[in-house]
Amino acid sequence: MKRSLFTSAVLFATLCLLFACTPASGASDDMKVSPTHVIILGFDGWGSSSFENAEMPFLKKMAAKSAWTLKKRSILPSSSACNWATMFKGAGPEAHGYIDWDSRKPAFNITFSDEKGLFPSFFSIYREAFPDHEMGYLYQWEGMKYLFDLTDFNYTQKFEISAAGSADMTDAAVSYIQEKKPAIAAFFWDYPDKTGHSIGWYTNDYMTELTYLDTIIESIVDACDKAGIIDDTLFIITSDHGGHNKTHGLAVISDLETPFFMFGRGVKPGDITGPLMQYDVAAILADYFHLGHPKGWRGSSPEGIFE
Ligand SMILES: [Zn+2]
């Protein structure tokens with residue numbers, strides 16, 4: 001998004017007036033405080049087939065306050081890198097070039113590029129619109145590092161793929177929220193995918209993992225409450241793909257359907273009844289901030305999800 005010269009001039013004049021009666025030393029810190037916050041919790045390999053039998057009391061309680069669906073549709077192949085990329089790049093693999101489970105760069109010329117020569121993501125367009133806002137990106141799986149331009153974020157950190165790593169990442173996310181009150185924070189756990197591959201999708205161990213992930217969701221929401229930002233925060237909780245047996249990636253519904261929950265500031269609760277595609281998530285986020293969509297995007301927001 002570009003500001004016109006006139007808008008920039010008005011903004012500059014307004015800022016001059018504002019800071020004329022504000023100590024200059026506090027100016028840059030103040031600008032980092034965003035009036036709104038978006039917290040994205042991504043759980044790799046969390047298929048919708050698990051939801052009915054899952055013991056996830058916190059999330060199930062929050063469903064009443066959510067715009068939600070169990071029918072968010074992954075792109076093919078129903079694998080990680082291509083789906084996480086699609087979710088925030090607002091278009092399919094044919095456009096952004098992340099075509100496989102471990103894509104680390106586009107496989108071919110992208111259909112549209114921003115000034116950096118990259119396919120725009122929600123994160124990049126938000127950063128362009130709000131250069132001073134605090135943004136964070138925490139993850140366990142190495143592959144998450146290559147999907148977006150991580151220089152757009154003030155804070156990025158990788159954690160071990162282990163139970164201890166999951167707990168460490170949750171602690172770091174909680175501290176980050178309380179200390180920085182980020183405008184945008186995206187936290188990607190590599191579970192329950194890890195359990196799915198080692199023990200099996202929708203097994204007892206997988207379901208036990210989901211109950212643990214539910215406590216993570218509660219910890220993060222609680223951190224926003226303690227940070228005093230809960231009323232100004234939008235939460236999105238979702239996944240890249242599901243699975244079956246000890247694998248995924250196929251064109252079967254158990255791999256393709258993932259939960260999508262959105263609750264908090266501005267959300268109109270209710271079932272999302274229309275189709276929701278992976279690339280629509282970027283559109284929902286951009287529309288929430290009235291950012292407009294880059295030309296290469298194809299996603300759109302379902303109607304009636306915001307107040
Ligand atoms: Zn996997």
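Which residues are buried in helix 4? They are Ser-80, Ala-81, Cys-82, Asn-83, Trp-84, Ala-85, Thr-86, Met-87, Phe-88 and Lys-89. Keep in mind as you explore that this is a predicted model. Its mean pLDDT is 92, and 89% of the residues reach 70 or more.

**Where to be careful**
- Over residues 1-31, pLDDT stays under 50.
- For that stretch, the model has 10 contacts beyond four places in sequence.

**Helix 4**
- Helix 4 covers residues 80-89, and 10 of its 10 residues are buried, so the rest of the structure largely encloses it.
- Just after helix 4 comes Gly-90, which has a positive phi, near 65°.

**The zinc site**
- The zinc ion is coordinated by two OD atoms of Asp-193, together with NE2 of His-197 and NE2 of His-248, at 2.1 to 2.5 Å.
- Along the chain, these donors follow the spacing D-x3-H-x50-H.
- The angles among the 4 donor atoms run from 54 to 149°, and the site is irregular.
- Why can Asp-193 and His-197 be described as about one helical turn apart? Both belong to helix 8 (residues 193-198), and they are separated by about one turn because they sit 4 residues apart there.
- An α-helix has 3.6 residues a turn, so residues three or four places apart point the same way.
- Asp-193 counts as buried because its relative accessibility is 7%, whereas His-197, at 36%, counts as partly exposed.

**Cysteines**
- The model has 0 disulfides.
- Cys-82 is buried, with a relative accessibility of 0%.
- Cys-224 is also buried, with a relative accessible area of 0%.

**The nonpolar cores**
- In soluble globular proteins, nonpolar side chains tend to be buried together.
- Here, the largest nonpolar core has 47 residues, and those with the most contacts inside it are Phe-88, Phe-122, Phe-123, Tyr-137, Ile-184 and Met-262.
- Among the elements that give two or more residues to this core are helix 4, helix 6 (122-129), strand 1 (37-43), strand 3 (135-139) and strand 5 (184-189).
- Helix 11 gives the most to this core, with 6 residues.
- A second, separate core has 39 residues, including Trp-46, Phe-58, Leu-210 and Val-221.
- To get a feel for the packing, try finding Phe-123: leaving aside residues up to four places away in sequence, the residues touched by Phe-123 include Ile-40, Phe-88, Tyr-137, Phe-148, Asp-152 and Ile-184.

Methods. Residues numbered from 1 in each chain as written. Predicted model: local features only at pLDDT ≥ 70, side-chain atom pairs only at ≥ 80, totals over all residues. Heavy atoms only, no water. pLDDT = per-residue confidence, 0-100. Contact = heavy atoms within 4.5 Å. Donors = N, O, S within 2.8 Å, 3.2 Å for Na, K, Ca; no water. Tetrahedral: all angles 85-135°; square planar, octahedral: opposite > 155°, others 65-115°. Buried < 20%, exposed > 50% of the residue type's maximum accessible area, 1.4 Å probe, protein only. Disulfide = S-S within 2.5 Å. Core = buried A, V, L, I, M, F, W, Y, C linked by side-chain atoms within 4.5 Å.
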